[in-house]
Amino acid sequence: MTAPEAIAVVGLACRFPGASTPDQLWRNLRDGVESITFFTPEELQAAGVDAARMSDPRYVAAKGVIEEADGFDAGFFGFSPREAALMDPQQRVFLETAWSALEDAGYDAKNFPGPIGVFAGSILSVYLVRNLWPNRDAMATAGNFQIAVGNDPTFLATSTSYQLDLRGPSVSVGTACSTSLVAVHLACQSLLAFESDMALAGGVSIHLPLVGGYRYEDGGVLSPDGHCRPFDAAAQGTVSSDGAGVVVLRRLSDAVRDRDTILAVIRGSAINNDGRMKVGYTAPSGDGESRVIAEALAMAGAEPESISLIETHGAATPLGDPIEVAALVDAFG
C-alpha cells in the first residue's frame, strides 16, 4: 500500500491539570509529576459539598483540575458578560485553547488564504444540568434556544468556527474516550481530501463542581484512593480530570513550502469499532484494538519494528489494562 501524504502538526495548545502549556506538560511527564489535586475538608465545604457526602468512607476527594476553568475574557471574544454566563465552560475553554493553538502556529485566521476546518468534541454539559437548569429565572429570560447553543456539545465546533471566522468544515465529534483522537483522524482526512487547507482538532472535558471528588464503587472504573497507576500491579482504577487540547494541522508539503514550524508528523491513522466482540459495552476489545493499530501502520507505510514509543489508553483498570497490553503484543509482536 502506498502511504498518502503526511500531515504536519504546526501548532498546539493545552490546558491540563498542572500544565497550562505544552512545555509544562512535557516537564511533568519527564519528571513523573502526579497532577491530581487532593482537596481538604475546608475546600470541599467552601465549594458546597454536602457534609454527609464528605463523611462517606467511599468518598474520594481527588480530581485533576485546570487553572481558571471558571474564567473567561468575554470581551476579547465579543461576548457580553451575560452571554458568557450562559455558555458551558467547555465552550469557553475550547475557544481560548483554539485561539492559542492558532497563535502558536503563527497564523491569523483572517489572513490565511484557504479554508480552516474545526473538528472537536466535549462531554455532556454538566454546567447546564447543575447551574443553569435549576436557575429557572435565567432559563426564562435567556430562552431555550440560546441555552442550547451555548451548552449542546453538537455546537462546539461550529461555535468555534463562528467566533474565529473559520470557513472550512466544522464537525463536532462524540466517540467517548476516543473523541480527540477521532477528531484528529477526521481532520487529517479533510486535509487529504482538500476540504481544508488547515484544521484545528481536539477536545475538552470539564466536570462540575470544579472542586469536588467522587464516590468509589466496587467494580467501577474509578480509583479507590485518588491515584491512577496504569499498567502497575497496584492499579485499581482511573481518576476523573478536566482538560483541553488542540492541534493545528496542515498537509506536510504545504507546511514545508510555507516554512512552518513542524512539531510532529502524522504518517497515517485509522479508526474502527469493536462491535460485540467483548465482555460488555464499556469494556475494551483486544481484537478491535489490534486490528486498528495494524490498519494505521499500513496507512502510514510503517513496519511494527520501526515504532519506538506507544501512547496508550492506560485507564489503570484491572480489566482494561491487560486487554490493551495483549492487543499491543498482538499488533507489534
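**Exercise 1. Determine whether Gly121 is buried or exposed, and describe its surroundings.**

Solution. In this predicted model, Gly121 has a relative accessible area of 3%. Buried means under 20% relative accessible area, so Gly121 is classed as buried.

The next step is to place the residue: Gly121 belongs to strand S5. Leaving aside residues up to four places away in sequence, Gly121 touches Leu156, Val173, Thr179, Gly202, Gly203 and Val204. A separation in space completes the description: the C-alpha atoms of Gly121 and Ser172 are 5.4 Å apart, although their positions lie 51 residues apart along the chain.

**Exercise 2. State the strand order of the open sheet of 6 strands, and explain why one side of S6 and of S10 is without a neighbour in the sheet.**

Solution. The order is S6-S5-S7-S9-S1-S10, and the pairing is mixed. Strand S6 (170–172) and strand S10 (264–266) stand at the edges. Each has a single partner strand, and therefore one side of each has no neighbour in the sheet. On average, neighbouring strands of this sheet are turned by 25° against each other, direction ignored.

**Exercise 3. Identify the sense in which S1 and S9 pair, and the bridge partner of Arg15 in S9.**

Solution. In general, strands of a sheet pair through backbone hydrogen bonds, in either a parallel or an antiparallel manner. For strand S1 (residues 7–15) and strand S9 (residues 243–251), the sense is antiparallel, over 8 bridges. Within S9, Ala244 is the bridge partner of Arg15.

**Exercise 4. Locate helix H10 relative to the strands, and decide whether His185 is buried or exposed.**

Solution. Helix H10 (residues 179–192) lies across S1, strand S5 (116–122), strand S7 (198–205), S9 and S10. Its direction is at about 170° to S7.

His185 lies in this helix. With a relative accessibility of 10%, His185 counts as buried. Residues up to four places away in sequence not being counted, His185 touches Ser269, Ala270 and Ile271.

**Exercise 5. Describe the largest nonpolar core, and name the helix that gives the most to it.**

Solution. The largest nonpolar core has 46 residues. Phe94, Leu164 and Leu200 have the most contacts inside it. Helix H5 (residues 89–105) gives the most to this core, namely 7 residues.

The contacts of Phe94 can then be listed, without residues up to four places away in sequence: Val118, Ala120, Leu156, Thr160, Gly202, Gly203, Val204, Gly245 and Val246. A second core, separate and of 15 residues, includes Val9, Ala187, Cys188 and Leu249.

Note on methods: Residues numbered from 1 in each chain as written. Predicted model: local features only at pLDDT ≥ 70, side-chain atom pairs only at ≥ 80, totals over all residues. Heavy atoms only, no water. Pairing = 2+ DSSP bridges. Helix = DSSP H or I, 4+ residues; strand = E, 2+ residues; numbered from the N terminus. Axes fitted to C-alpha atoms, helices over the stretch in contact; angles between N-to-C directions. Contact = heavy atoms within 4.5 Å. Core = buried A, V, L, I, M, F, W, Y, C linked by side-chain atoms within 4.5 Å. Buried < 20%, exposed > 50% of the residue type's maximum accessible area, 1.4 Å probe, protein only.
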